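Open the model in your viewer and keep the selection box at hand. This tour goes stop by stop: what to select, then what is there.

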Amino acid sequence: MNFGYYPGCSLSGTAKEFNLSLKEVLKNLDTDLQEINDWCCCGASSAHSASHLLAIALPARNLMLAKEQGMTEVVAPCAACFNRLKVSQHELKTDEHIRIKTEELLETKYSDGLEVLNLISLFQKIGLDKIKSHNKIDISHLNVACYYGCLLLRPYDILKFDDPEKPTLMEEVVKATGAKPVDWNFKVECCGAAHSIAHTEIVENLSMKILDDAVHHKADVIVVACPMCHSNLDMRQKNIIKHNPGRMEIPILYLSQLIGLSMGLNHKKLGLDLHFIDTAPLIASLIEKEVAV
Amino acid sequence: MRIGVFICHCGENIGRTVDCPSVAKACANFSGVVHAEDYKYMCSDPGQNLIKQAIKEKNLDAVVVGSCSPHMHEKTFRKACSDAGINPYLVEMANLREHCSWIHDDVPLATKKAIDLVRMLVEKVKFNEPLIPIRVPVTKRALVIGGGISGIQASLDIANAGYEVVLVEKEPSIGGHMSQLSETFPTLDCSQCILTPRMVEVYQHPRIKLMSYSEVENVEGFIGNFSVTIRKKARSVKDELCTGCGLCVQKCPIKKVALSDFDEGLATRPAMYVPFPQAVPNIPVIDRSVCTYFKTGKCQLCKKVCGREAIDFEQQDQFIKEDVGAIIVATGYKLYTIDKKPDDNPIKGYGEYGYGKYKNVINGLQFERIASASGPSSGEMIRPSDKTVPKKIVFIQCVGSRDESKGFSYCSKICCMYTAKHAMLYKHKVHDGEAYVFYMDIRAGGKNYDEFVRRAIEEDGVKYIRGRVSKIFEENGKLIVKGEDTIAGVRVEIDADMVVLATAMTAQSDSSKLAQTLSVSYDKYGFINEAHPKLKPVETSTGGIFIAGACNAPRDIPDSVSMASAAAAKALVLFGSDVLEREPVVAKVNEATCAGCFYCQKVCAYNAVEQKEIKDRQGNVIKVVAYVNSGLCQGCGTCNATCPSKSIELLGFKDDQIYAQINSFAEVF
């Protein structure tokens, strides 16, 4: 299998381990990623607060490049990139005015028909049975809280991905790894997102509630598919515990890392040593289990 | 032809912008016009007398009145002319008010336009033919569909006026949603206590034929002459033999198999059941999907105990034909479902409230059953999950209503009132309990309604919070309700023991199918449309079919009852005469030129076009042509416009009449 690949900025910076683990897992699943040559920023959360046209044109440029380079499906693992690419596609399809302006700006004709995939829909596409067939390590004792955040699901009318209030598609992938998804309350609750820099206390407060609810529902690990969610839940966690004592650490993994674990892939290659919250106890529990088996 | 023209000033309405004497003067010169005059109020008695007098003196045989819209006074002028001996269909009206004076301000130009408008009608009337109203016989018998409070009221009114009624109810018992309610607002009287006497009255009434567990399958015919096919579903009990002793229900070994619809899924019922103790008729039904006999061929315990030998496992659905003259649709509503997300659209529904995941999140009708003395807890205020008394209860209004993105844009009208009632009933039973209501607005329009809500707030101490709830989740056995108080501007979190959602009232799921069977129009939500929102609230687009209650829009009991009586009155008006006179403005087929393509049949919205065989003297069919049933035709003219061989004409609006009108206007340029 072969997919176009739009890594976006996070995956080469704060979410390096997301990139590492995804590539490692896909290699193991005989799936190739072809990076879009000369890709640029998707505009993220900044562009659309400055200029509507820019917010549409930046992703449009990447979509056009992908098309030119012969791609039919493009994977955007970062939830924000996925969201921006989909919104841009939607606007170009439904708003003729903005399409003409974008085409003028980019000096290229836009044509629809590219499928944009997020991390979850990528694994759904590759096939849950295929993931199951690659399981090497028994991780069935792991209770997993699937955290979706906002950008993967909203606005539904544009993304048409999963139920924005009660999503279940990530749980299906987790089940394929053998781990146990837990039923919990805060899988679409806000983590505080970009307030991370300017209003850290808001993020700490909101993320704390998410962490607490996951722990309360007996989760051993929270799995995410968004670099922003990851940084808020992982990077801010030590401070959350410092400011609100009496809490246990809970590791935050990317979905691709969890799949990598079940495949028995090298922990370093999955970037499991790059988190703020130590993943060693989690890995140790897997080894113990393996020894016991 | 001798035509008279009469120009009305309509006080100042026309006279201010149109120079009426000049119009009359100009019209006097049109060919065929032998008389023209103007007057301040042509619709007044003296005005009408002017017309009558001129008809007699000048021996007029056609009249054109230049005044207001024909919607206002066509009847008036037709009647006046008819009294003076002219066929009413030789009277035309030029609309000088809505089409001219009200929309212009330049007097010379408006006057010129008024003259043109009159001239066009003068040319048209030259081609008018005398028409005779269509007379159809009336079957003085009514069909009422739906046995809720609306259907019961309409049936009793018609039957008490001396006419026969066929009442069809799809459930095993009549009573509808009202029989499920505990107490009713704004008086808190017991719902069943006021309803059941009416149900019994229906059952005992010599002129009401009650067909419960039955559905309308097909409707043919037209106003005064409907032929209805009713499917009488197999009860597996012979209703003519059953005495309602209830032994079979007691002995049925399949006790707790199905969730009771009547108790809104909060209790179970046997395979053989009567929905509730006061059911009318008190005849049990076998639920074949769960009955042991129907599944395995064994048991038959009910048959063994029945002394009347009324049990009939072989019974089939029966189709019964009834002839009626009027139909009243009173099929009611259902509640918006919170149990699961709708399959067709994942964003509809309220995932954030749990989709029926939490046992203690219930809807309004479920609360009614909990509060009702006849309910599963005999009126004890206990929550479904563990049967304990909830000490803190949250009511959420507008779940599905006034919420376009997740539900419907309309207001369900009754929820503000029943939520206040629920909160009150709760406080009356659980004195130390706390009740919270989240609302958007309180809409308590109605006699003693606002006072009722104030009572809940001021006397019973129900806490009203203006704002929406964003999420409900369970934590440590409590339901955490997260919302906002938009008046105080703060976020609110309540740890409740039970949550009641005032879910939207929606149309019955099969209402659009029924509407199609009846050829009546319905809105995008499935509610059946009234013919006019103000002046014809109980009529439908099809003559002889009336509506009552919540099948038309969300409606409470007093409104439904009033509407039912109004619909009954409309049916009785119909039964007031032996024959029905209808406007003769209907389509007519020229059988000589009709090619039998039947495009007209395809486009007719009223099923008025039929196929007719033309035979020679030996009885051989020569050709098949279109035939318009004038009883059904509404005179819309669609067939007229569609016919490729110009073989259909709309009487009163024939092609030569319309072309004469257009040509006379074209001549001016």
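In which sense do β25(B) and strand β26 (residues 490-496) of chain B pair, and over how many bridges? They pair in the antiparallel sense, over 7 bridges. Bear in mind throughout that this is a predicted model.

**Stop 1: three strands in chain B**

Stay with β25(B) and β26(B). They form a hairpin with 4 residues between the strands. Pick Gly489(B) there: its phi is positive, near 70°.

Now add strand β24 (residues 469-475) of chain B. Its partner is strand β25 (residues 478-485) of chain B, again in the antiparallel sense, here over 6 bridges. β24(B) and β25(B) also make a hairpin, with 2 residues between them. Select Asn476(B) in that turn; it has a positive phi of about 50°.

Next, show Lys482(B) as sticks. This residue of β25(B) is the bridge partner of Lys471(B). Towards β26(B), the bridge partner of Lys482(B) is Glu493(B).

**Stop 2: the domains of chain B**

Zoom out and colour chain B by domain. Use these ranges:

- domain 1: 3-125
- domain 2: 133-233 + 317-331 + 516-578
- domain 3: 234-316
- domain 4: 333-506
- domain 5: 587-651

Draw a line between the C-alpha centres of domain 4 of chain B and domain 5 of chain B. The separation is 57 Å.

Then select Val280(B) and Pro281(B). The peptide bond between them is cis, with omega near 0°. Pro281(B) sits in the loop between β15 (272-273) and β16 (285-286) of chain B.

**Stop 3: chain A as a whole**

Hide chain B and show chain A as a cartoon. The secondary structure of chain A comes to 15 helices and 8 strands. Its C-alpha trace spans about 60 × 45 × 30 Å along the principal axes. How does the radius of gyration of chain A agree with that of a compact globule? For 293 residues the globule value would be near 19 Å, and chain A has 19 Å, so the two agree.

**Stop 4: where the two domains of chain A touch**

Colour residues 2-119 of chain A as domain 1 and 135-292 as domain 2. Their C-alpha centres lie 25 Å apart. In the contact, 23 residues of domain 1 of chain A meet 24 residues of domain 2 of chain A. On the domain 1 side, the elements giving two or more residues are α1 (16-28) and α4 (79-94) of chain A. α1(A) gives the largest share, 9 residues. By type, this domain 1 side divides into 11 nonpolar, 8 polar and 4 charged residues.

**Stop 5: a helix crossing**

Keep α4(A) and add helix α3 (residues 52-68) of chain A. The two pack at an angle of about 95°, with axes 8 Å apart. That is why α3(A) counts as roughly perpendicular to α4(A).

Show side chains at the crossing. α3(A) brings Ile56(A), Pro59(A), Ala60(A), Asn62(A) and Leu63(A). They meet Arg84(A), Leu85(A), Ser88(A), Gln89(A), Glu91(A) and Leu92(A) in α4(A). The residues of this contact divide into 6 nonpolar, 3 polar and 2 charged.

**Stop 6: two backbone details in chain A**

Select Asp38(A), in the loop between β2 (32-35) and α2 (44-50) of chain A. Asp38(A) is not a glycine, yet has a positive phi of about 70°.

Finish at Arg154(A) and Pro155(A). The peptide bond joining them is cis, with omega near -5°. Pro155(A) lies in the loop between β5 (143-146) and α8 (156-159) of chain A.

Conventions. Residues are numbered from 1 along each chain as its sequence is written. Chains are lettered from A and ligands numbered from 1 in the order in which they are written. This is a predicted model: local features need pLDDT of at least 70, side-chain atom pairs count only at pLDDT 80 or more; totals for chains, interfaces and linings use all residues. Domain bounds come from an automatic or database domain assignment. Two residues are in contact if their C-beta atoms, placed from the backbone, lie within 7 Å. Ala, Val, Leu, Ile, Met, Phe, Trp, Tyr, Cys and Pro count as nonpolar, Asp, Glu, Lys and Arg as charged, and the others, Gly among them, as polar. Two strands pair if DSSP finds at least two bridges between them. Axes are lines fitted to C-alpha atoms, for helices over the stretch in contact, and angles run from 0 to 180 degrees between N-to-C directions. Angles under 35 degrees count as roughly parallel, over 145 as roughly antiparallel, 65 to 115 as roughly perpendicular and the rest as oblique. The radius of gyration is taken over C-alpha atoms; the globule rule is 2.2 Å times the number of residues to the power 0.38.
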